[in-house]
Amino acid sequence: MSRTSTRSPQGSQQALQNGGEPVLSHGLKQRHLSMIALGGVIGAGLFVGSGVGIAAAGPAIVLLFMGTGALVMLIMRMLGEMSAARPSTGSFSVHAEEEIGSWAGTTSGWMYWLMLCAGVAAEATAAGTIMHTWVSFIPAYGWVAIFMVFFCASNLTAVKNFGEFEFWFSAIKVTMIVAFLVLGVLGILGVFGSAPGTSHLTGHGGFFPTGAAGLAAGLLTTISGFAGLETVTIAAAESDQPSRNVARAVRTAVWRIAVFYIGSMAVVVTLVPWNDPKVASAGPYVTVLDRLGIPAAGTIMQIVVLVALLSAMNANIYGSSRMAYSLVNRGQGPRFLGKVTRGVPAAAVLASCVFGFAAVIAGIVWPTTVFAWLLNIAGCSVLVVWSIVCLTQLKMRRRLEREAPELLSVRMWGFPYLTWLAFAAILGVFAVMASNADGRQQLAGTAVVVAALACAGHLKQRRDDRRADVTA
């Protein structure tokens, strides 16, 4: 059942404190949130995984990133509008429960938790592999254990530790992207040799060398690269001024996402042939830096990718623990996960880390069964979450305009048309996935989990409604 009480900005903060989340600390600053928003979508998926998308779609990857980037900017704006009006540790999950019902809050919250925990496992495994190539006497799984223990411990101490790690991790990633764009533009202009012109854009099969099938395969890669951007709206609730800070962070992040992603892909496909095997194997950034003659390009990018992986691990442990904490405080999970120590949801942090490490072990023991199934569901989870975000924002915006327009310090562009456009785009991605066997398998597994969570949330909602009728 939706909750439609009117709240002022001060009332919203008080409701947050009285709604089961009074003891989390507020150690994050504006600079932390700005870099979390900026660095949260700059991960290993951009530095390495985008090479798979380029190999699939060719130069047309630029158009795919333009399309997915536009969708991401709309989602960010919706999240910013809702979080600035009603900051909460559970972010979109809390808003979905209030506006649509418990089933929507349960589904979006636990799907997001699953996605983040699976991400922790994948990132820890990749980081361990990189470290093993440098320090071979420690096995890769040993490095995984070291990273898991370190970030679990840092997230158990204080939220400001998470914020500081993310600030510097993001600063390194952003610096690398800016340097890459500058070098790339100079390379396009011929400073490092002959200017390539449009030869790589129109040659090697043209701008759409692999046709519709390649675009479909590249689309799924670009979508997954943006997963994790929602962390900033979760973190905002633990900042000193949640509403103002999340509004600023969202505004500054939106246009930079476009510059970093679309700009990077344009540089890559202009400077190197899309079908160069190194683009997919070594990564597009290494390939471009090698082409420009930058010394030790491979080592430089390995360091940057390692930083991106560790940053994602840190952010995913934080985000998953806060989401789990918020869910259990709303009666949507085991109550022991609500234990808080020194302003930190310690039990939720530990549970998220344990699940992540268990997924790492599954990747070693059952890489093609259990772990593959988990990653498939996690990859589709972001689309489920985004679709619920769209539906939630549609209801919440209309209600706030009636009841508390002063809370709308951030407003979704072109409401409601762009919200519906974003929702239709997400449905379109689902349709593309359903057009091939691998996508249908991924959708089937995700549908089972979504149905189970939605049923559990619906049963809770009916139970709560009966209790409300009894006490009325």
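Reader: With which residues is Trp386 in contact, leaving aside its neighbours within four places in sequence?
Author: This is a predicted model, in which local features need pLDDT of at least 70, side-chain atom pairs count only at pLDDT 80 or more, and totals for chains, interfaces and linings use all residues. Residues are numbered from 1 along each chain as its sequence is written, and side-chain values use heavy atoms, without hydrogens and water. Contact means heavy atoms within 4.5 Å. With neighbours within four places set aside, the partners of Trp386 are Leu71, Val72, Ile75, Ile223, Phe226, Leu229, Glu230 and Ile426.

Reader: Which helix gives the most to the largest nonpolar core?
Author: A nonpolar core is a set of buried Ala, Val, Leu, Ile, Met, Phe, Trp, Tyr and Cys residues joined through side-chain atoms within 4.5 Å; buried means under 20% relative accessible area, exposed over 50%, and partly exposed in between (1.4 Å probe, protein chains only). The largest core has 143 residues, and Phe47, Ile61, Met301, Leu383 and Trp386 have the most contacts inside it. Helices are DSSP runs of H or I with at least four residues, numbered from the N terminus. With 18 residues, the one that gives the most to this core is helix α15 (residues 297-329).

Reader: How many degrees lie between the planes of Phe150 and Phe165?
Author: Rings of Phe, Tyr and Trp (its six-membered ring) pair if their centres lie within 6.5 Å; planes under 30 degrees apart count as stacked, over 60 as edge-to-face and the rest as tilted. The whole structure holds 15 aromatic pairs. Phe150 and Phe165 make an edge-to-face pair, 5.5 Å centre to centre, with an angle between the planes of 75°.

Reader: Which helices does this pair of Phe150 and Phe165 link?
Author: Phe150 is partly exposed at 43% relative accessible area, and Phe165 is partly exposed at 27%. The two residues are 15 apart in the chain, and the pair links helix α7 (residues 140-157) with helix α8 (residues 159-188).

Reader: Why is the pair of Trp420 and Phe423 classed as it is?
Author: Both residues lie in helix α18 (residues 417-434), three residues apart, about one turn of the helix. The ring centres of Trp420 and Phe423 are 6.1 Å apart and the planes are at 80°, so the pair is edge-to-face.

Reader: Is Phe423 buried or exposed?
Author: Its ring partner Trp420 is partly exposed, with a relative accessible area of 43%. Phe423 has a relative accessibility of 16%, so Phe423 counts as buried.
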